[in-house]
Each structure stands twice: as structure tokens, then as C-alpha cells.
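Reader: I'm happy at the bench but a bit lost in a structure viewer. Could you walk me through how to read one?

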Amino acid sequence: MIATVLPTYNRAPLTFVRGEGSWLIEADGRRFLDLGAGIAVNALGHAHPALVDVLHKQAQNLWHVSNLYQIPQQQALADALVEHSFADTVFFTNSGTEAAELAIKMVRKYWHEHGQERVTILTFEAAFHGRSTGAIAASGSEKMTKGFGPLMPGFKVLPWDDHKALEAALDETVAAVLIETVQGEGGIRPLSEAQLKWLRAACERTGALLVLDEVQCGMGRTGKLFAHEWAGVDPDIMMVAKGIGGGFPLGAVLATEKAAAGMVAGTHGSTYGGNPLACAVGLKVMEIIADPVFLADVSRKAGLLRQKLEGLVAAHPDTFEEVRGSGLMLGLKCRKPNTDLVTAARDAGLLVVPAADNVIRLLPALNIPDEDLAEAATRLDQAASSLEST
Ligand code: PLP
């Protein structure tokens with residue numbers, strides 16, 4: 001008999017009942033150090049007092065009003081995002097997938113408004129933009145698309161990090177390039193600054209729009225508010241989600257005025273997108289994360305963690321191959337099956353997340369205390385040793 005919850009997830013046998021900072025407490029009382037943070041969602045850890053407070057206050061006043069009316073919390077969050085980014089305008093969603101859908105629509109509308117038949121969006125192998133019909137077509141991956149055809153047309157999937165293929169494909173017929181600034185699910189693979197600069201220039205030359213997916217790598221995770229800032233170039237459209245709500249469902253599409261010009265009243269909408277609860281929380285998250293002092297500390301913590309992970313690679317050369325990633329979005333490429341490491345880490349009281357390319361992901365809360373980072377390294381060391389002794 002089918003499970004009453006549609007069985008699309010492989011769940012670990014763990015039931016968490018409480019969260020405190022970077023720790024999750026299981027129903028049986030065991031404490032787990034959480035270096036997954038809901039897959040880069042709990043950017044400020046669990047039960048951050050300022051977020052609990054703002055959510056509580058907003059919940060007592062007003063949960064939901066339709067986008068038929070003014071929503072001051074939404075306006076304030078849009079203003080903050082515009083102030084701190086390349087964008088001129090923002091649309092709020094409830095998830096990264098919904099943000100991807102709008103980004104695709106915005107590209108299509110842009111070219112429609114320009115009276116040109118430019119529909120091809122270049123995307124990349126191992127990309128992940130969500131599980132909607134549009135997002136799986138964008139990824140092109142057999143694993144996600146099998147059985148769900150016919151796929152939405154309009155995407156051309158290129159190999160990752162293949163400059164020649166990109167150079168050959170990116171011409172005046174292309175509508176946009178859609179790319180994660182740091183690939184997450186694909187195995188923590190950052191786009192180099194040089195590649196991103198080249199892409200920006202090539203998009204300028206051909207007129208194609210540059211769409212960055214910063215759902216996983218944005219909101220302070222790399223030590224800048226948005227990962228593309230490291231390269232000093234801006235996209236035309238950007239998707240964010242995950243960390244922006246600190247655990248409350250919230251996503252957004254940020255765009256320049258030029259890219260968004262066709263999105264007039266009636267072209268897009270959402271019942272829940274930009275609701276007062278989500279935006280009140282998002283505004284507090286922005287206030288904390290956009291602070292340069294906070295971001296500098298993310299980079300400092302990232303340096304600490306990276307150093308410890310490099311030490312682990314040196315100490316366990318048969319288990320780990322290399323450290324990759326940016327800021328507090330780090331991956332350990334494994335020589336043993338990554339799922340074995342996830343299980344061994346769990347047995348050592350540490351939560352990490354698998355990714356493609358046999359990688360385990362470390363995506364701690366951005367405010368994780370230094371001692372928890374040291375503890376995480378100790379537990380990963382235990383996990384690796386336990387696999388080596390079997
Ligand atoms: N884009 C990226 C880069 C992601 O990592 C994810 C989720 O993992 C998504 C989009 C989809 O976001 P959501 O699961 O919130 O729909």
C-alpha cells in the first residue's frame with residue numbers, strides 16, 4: 001500500500017523535535033550538529049531569537065493578505081534587496097522553483113517585447129533549478145526528466161566548465177544563459193571569476209540575458225551578499241530563495257528594469273508570494289546578513305572551516321580527494337561512496353548533505369560558532385576513521 005505521504009523522499013530514520021542554533025535535537029534526546037542547515041536554508045541557525053521574535057509579532061497582527069492590496073513588509077524587503085544588489089525590481093515567490101519559473105517567463109517576455117524569436121536558454125549539465133516542468137527541462141538531467149516528457153522546449157544543456165562548447169553555443173540566437181554561480185546539487189562547483197566575467201561580456205556582445213541562480217549560493221553564503229559580487233559583474237535576472245527566509249518559505253526574482261520591462265500587471269502572480277509573515281522574517285534576515293561586519297565574519301569562519309577540511313583531506317587521503325567550494329558552501333569530494341560518509345557522520349552526531357559527483361556538502365548556518373566548526377571537523381574525522389577501520 002502506498003504511504004500516506006507520497007514516497008518521493010529517501011528519509012533518514014531521524015525525527016527532529018527542536019533546533020537550537022547549529023544543533024538539532026532528536027525525539028530521543030540525541031543532539032546532532034547540523035552542517036546541512038536544511039540544505040542552506042537555516043542561514044542563521046535554528047530558532048534565531050530575532051527571527052522568532054519578528055515572526056511572533058507579525059503572526060499576532062496579520063498573516064496573509066492578497067496581493068490585491070498593499071503589503072508594507074513586501075515593499076520594505078524589495079527596497080532592501082534593491083538597495084543591496086544590482087536589481088531595480090523584485091517579485092516574491094515561496095520557493096526557488098517558483099523563482100526559476102518566473103525567470104524563464106521573464107526571459108521569454110523580454111524577447112517577445114523586442115519582437116524577436118529568441119527562445120533558447122543555455123543551461124548546464126548537473127544544474128539544479130527545481131522540480132517543476134520548466135526547471136527539469138532546464139536541467140536536462142536524465143534522473144530528473146525520465147518519465148516526465150514531453151519536456152518543455154527552449155533549453156540547450158551544455159557541459160559544465162567547457163569553454164569551447166559555451167563559446168560555440170552563445171550567439172545572437174540565444175535568449176539567455178541560466179547558470180548557478182556556484183553549482184550546489186551538482187557537487188559544489190563554483191563558476192570561476194574569469195568565467196563569470198567572460199559570460200557577462202559575451203551576453204553583452206550577443207544581447208543574451210544573464211540569469212544567475214543564487215538560490216543556494218546567495219544570501220551571504222559565500223561571504224558576499226550574492227556570490228556573483230566576487231567577480232564584480234552583475235546579472236540581468238537573479239533567483240534567490242532558501243537562506244532569504246531563514247527557514248520560512250520565501251523566494252524572489254531580482255531583475256533590472258530593462259529585463260523586467262515586459263512584466264506588467266496581469267503577466268505573473270502568486271497567492272502567497274510576498275505575504276506579510278514571510279516578508280517580515282525576510283526583512284530581518286536581510287538586516288542581519290547584509291551587514292558588512294556579518295559578511296566579513298562569514299568569510300573568516302569559512303577560512304577556518306576550509307583549513308580544517310584541508311587537514312582532513314591530508315589525514316584521510318583514501319577517504320577524501322579534495323575540498324571545493326566558496327565561503328560556507330563547501331564540498332568534500334570523496335573517494336569512498338559519499339552516502340557512506342553521510343551515514344558515518346550521522347553516526348558521529350553530525351549532519352552533512354550528499355551532492356552529485358560523490359561530494360558531501362557542508363552548508364552550516366552562517367553564524368555557526370567557531371567551536372561548533374571545530375567540533376564538526378572532529379566528528380568528520382571520526383566518521384572517516386570509522387569507515388577506514390571497517
Ligand atoms: N535552484 C537551486 C540552485 C537550488 O539549489 C534549488 C533547491 O535546492 C532550487 C533552485 C529549487 O528551490 P526550491 O527547492 O526552494 O524550490
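Author: Sure. Keep in mind that this is a predicted model. Let's begin with one pair of residues: Leu 212 stands opposite Met 238 in strand 11. That pair sits in a longer match, where strand 10 (residues 209-213) and strand 11 (residues 237-240) run parallel and are joined by 3 bridges.

Reader: In what order do the strands of the open sheet come?

Author: Read a sheet from one side to the other, not along the sequence. Here the order is 4-12-11-10-7-5-6, with 7 strands and mixed pairing. At the edges you find strand 4 (89-93) and strand 6 (155-158), each pairing on one side only. From one strand to the next, the twist averages 20°.

Reader: Which strands does helix 3 touch?

Author: For a helix on a sheet, look at what it touches and at its angle. Helix 3 (residues 72-83) packs on the sheet against strand 4 and strand 12 (251-255), and its direction makes about 130° with that of strand 4. Helix 4 (residues 96-113) lies across strand 4, strand 5 (120-124), strand 6, strand 7 (174-180), strand 10, strand 11 and strand 12. Against strand 11, helix 4 runs at about 165°.

Reader: Now the ligand. Which residues are around it?

Author: Start with the list of neighbours, then look at individual atoms. Among the residues around the ligand are Ser 95, Gly 96, Thr 97, Phe 128, His 129, Glu 180, Asp 213 and Lys 242. The shell divides into 2 nonpolar, 6 polar and 4 charged residues.

Reader: How far is the ligand from the N or O atoms in the side chains of Thr 97, Asp 213 and Lys 242?

Author: An oxygen atom of the ligand is 2.4 Å from such an atom of Thr 97. For Asp 213, a ligand nitrogen atom is 2.7 Å away, and for Lys 242 a ligand oxygen atom is 3.2 Å away. As for cover, the ligand on its own has 390 Å² of accessible area, and the protein covers 83% of that.

Reader: What about a hairpin: which residue takes a positive phi between strand 2 and strand 3?

Author: Check the strands, then the residues linking them. Strand 2 (residues 23-26) and strand 3 (residues 31-34) pair in the antiparallel sense over 3 bridges, with Ile 25 opposite Arg 31. There are 4 residues between these strands, and Gly 29 takes a positive phi near 100°. Strand 3 also pairs with strand 15 (residues 350-351), in the parallel sense over 2 bridges; there Asp 34 stands opposite Leu 351.

Methods. Residues are numbered from 1 along each chain as its sequence is written. This is a predicted model: local features need pLDDT of at least 70, side-chain atom pairs count only at pLDDT 80 or more; totals for chains, interfaces and linings use all residues. Side-chain values use heavy atoms; hydrogens and water are left out. Two strands pair if DSSP finds at least two bridges between them. Axes are lines fitted to C-alpha atoms, for helices over the stretch in contact, and angles run from 0 to 180 degrees between N-to-C directions. Contact means heavy atoms within 4.5 Å. A residue is near a molecule or strand if one of its heavy atoms lies within 4 Å of it. A polar contact is a pair of N or O atoms within 3.5 Å; within protein, one must be able to donate a hydrogen and the other to accept it, and residues adjacent in sequence count only if both atoms are side-chain atoms. Accessible areas come from the Shrake-Rupley method with a 1.4 Å probe; for residues, only the protein chains shown count as cover. Ala, Val, Leu, Ile, Met, Phe, Trp, Tyr, Cys and Pro count as nonpolar, Asp, Glu, Lys and Arg as charged, and the others, Gly among them, as polar.
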